[in-house]
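Hello,

As promised, here is the structure we talked about. Could you have it open while you read my notes below?

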Amino acid sequence: MQKVLSYQDFVSKIKNVYGENSYLFLPNLDDTYTKVVFNEDVVADEGALNRIRMVDPLKTFFFKTKEDILNFDKENFLQIIIGIKSCDISALKISDKIFLNKDYVDEMYKFYRDRTIIVSSDCPRPEKNCFCNLVGGQPYPVEGYDLNLSFVEEGRYILSSGSKKGDEI
């Protein structure tokens, strides 16, 4: 599946489909406008989407530092993370090998992985400190994502599916 749309339209559609039943994390620039951070349900910042990877590792979405276990709704939990870069997806594949293998399965890690939609985005301008090409990667994801946003022109993206979960969306 491929479709061309604006970033704002994509985020609006995700909010309309999943609404209050999910945690939506979007890339935004920090107060100094130098680092990409992920905040829950803020204004869609296209400038942050087209930057390099976020400051915090992707694993922070799967290994929570604290949780409200009394009010945690396991049945309806869903998190959607938009703007994940190829290098973070590569790191996530390593975590999957460690925490989801035949000898040991971390149940909480599996819970969060199963209930997360990964929306990756290409790196239109890799920075001088980027290293994906040095370790056999590319500035765009090949696998490990549910949906991907590829920059086409100002304000326009190609949305493509990378998984069965992505096809269903």
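**What I found**

Let me start with one residue pair: Gln79 has Thr116, in strand S5, as its bridge partner. Strands and helices here are DSSP runs, E over at least two residues for a strand and H or I over at least four for a helix, numbered from the N terminus. Two strands count as paired if DSSP finds at least two bridges between them.

Before going on, a word on the source: this is a predicted model, so local features need pLDDT of at least 70 and side-chain atom pairs count only at pLDDT 80 or more, while totals for chains, interfaces and linings use all residues. Residues are numbered from 1 along each chain as its sequence is written, and side-chain values use heavy atoms, with hydrogens and water left out.

**The chain as a whole**

The chain has 5 helices and 7 strands. Read from the N terminus, their order is β-α-β-β-α-β-α-α-β-β-β-α. Of its 169 residues, 39% are buried (under 20% relative accessible area; exposed is over 50% and partly exposed is in between, with a 1.4 Å probe and protein chains only). Among contacts (heavy atoms within 4.5 Å) between residues at least 6 apart in sequence, 62% join residues at least 24 apart.

**Strand S5 and its neighbours**

How many residues of S5 (residues 116-121) are buried? The count is 6 of the 6, so the strand is largely enclosed by the rest of the structure. In a regular strand, side chains alternate between the two faces of the sheet. You can follow this in S5: Thr116, Ile118 and Ser120 point one way, Ile117, Val119 and Ser121 point the other way, and all are buried.

S5 pairs with two strands that I looked at. With S4 (residues 79-84) the pairing is parallel, over 5 bridges. With S6 (residues 147-153) the sense is parallel too, over 3 bridges. Along that second pairing, Val119 stands opposite Leu147 and Ser121 stands opposite Leu149.

S6 also pairs with S7 (residues 156-161), this time in the antiparallel sense over 6 bridges. Here Ser150 stands opposite Ile158. The hairpin of S6 and S7 has 2 residues between the strands, and Gly155 in this hairpin takes a positive phi near 80°.

One more residue to find on your screen is Ile84, which lies in S4. Its relative accessible area is 1%, so Ile84 is buried. The C-alpha atoms of Ile84 and Asn148 are 8.8 Å apart, although their positions lie 64 residues apart along the chain.

**The aromatic rings**

The structure holds 11 aromatic pairs. Rings of Phe, Tyr and Trp (its six-membered ring) pair if their centres lie within 6.5 Å; planes under 30 degrees apart are stacked, over 60 edge-to-face, and the rest tilted. Take Tyr23 and Phe77: their ring centres are 5.4 Å apart and their planes meet at 40°, so this pair is tilted. Tyr23 lies in strand S2 (residues 23-29) and Phe77 in the loop between helix H2 (46-49) and S4, so the pair ties together parts 54 residues apart in sequence.

Is Tyr23 buried or partly exposed? At 37% relative accessibility, Tyr23 is partly exposed, whereas Phe77, at 8%, is buried. Phe77 also forms a tilted pair with Phe111, at 5.7 Å centre to centre and 35° between the planes. That pair links distant parts of the chain, since Phe111 sits in helix H4 (residues 107-114), 34 residues from Phe77. Ring pairs link Tyr23, Phe77, Phe111 and Tyr112 into a cluster.

Charges sit over rings as well (NZ of Lys or CZ of Arg within 6 Å of the ring centre and within 35 degrees of the ring normal). Lys64 lies over the face of Tyr112, 5.1 Å from the ring centre, and Arg113 over the face of Phe62, at 5.5 Å.

**Helix H1**

H1 (residues 7-18) has 12 residues and spans 17 Å from first to last C-alpha, close to the expected 16 Å (1.5 Å times one less than the number of residues). Its buried residues are Tyr7, Phe10, Val11 and Ile14. They cover an arc of only 95° around the axis, so they are on the same side of H1; the arc is taken from the directions from the helix axis to the C-beta atoms. Just after H1, Gly19 takes a positive phi of about 40°.

Happy browsing, and write back with any questions!
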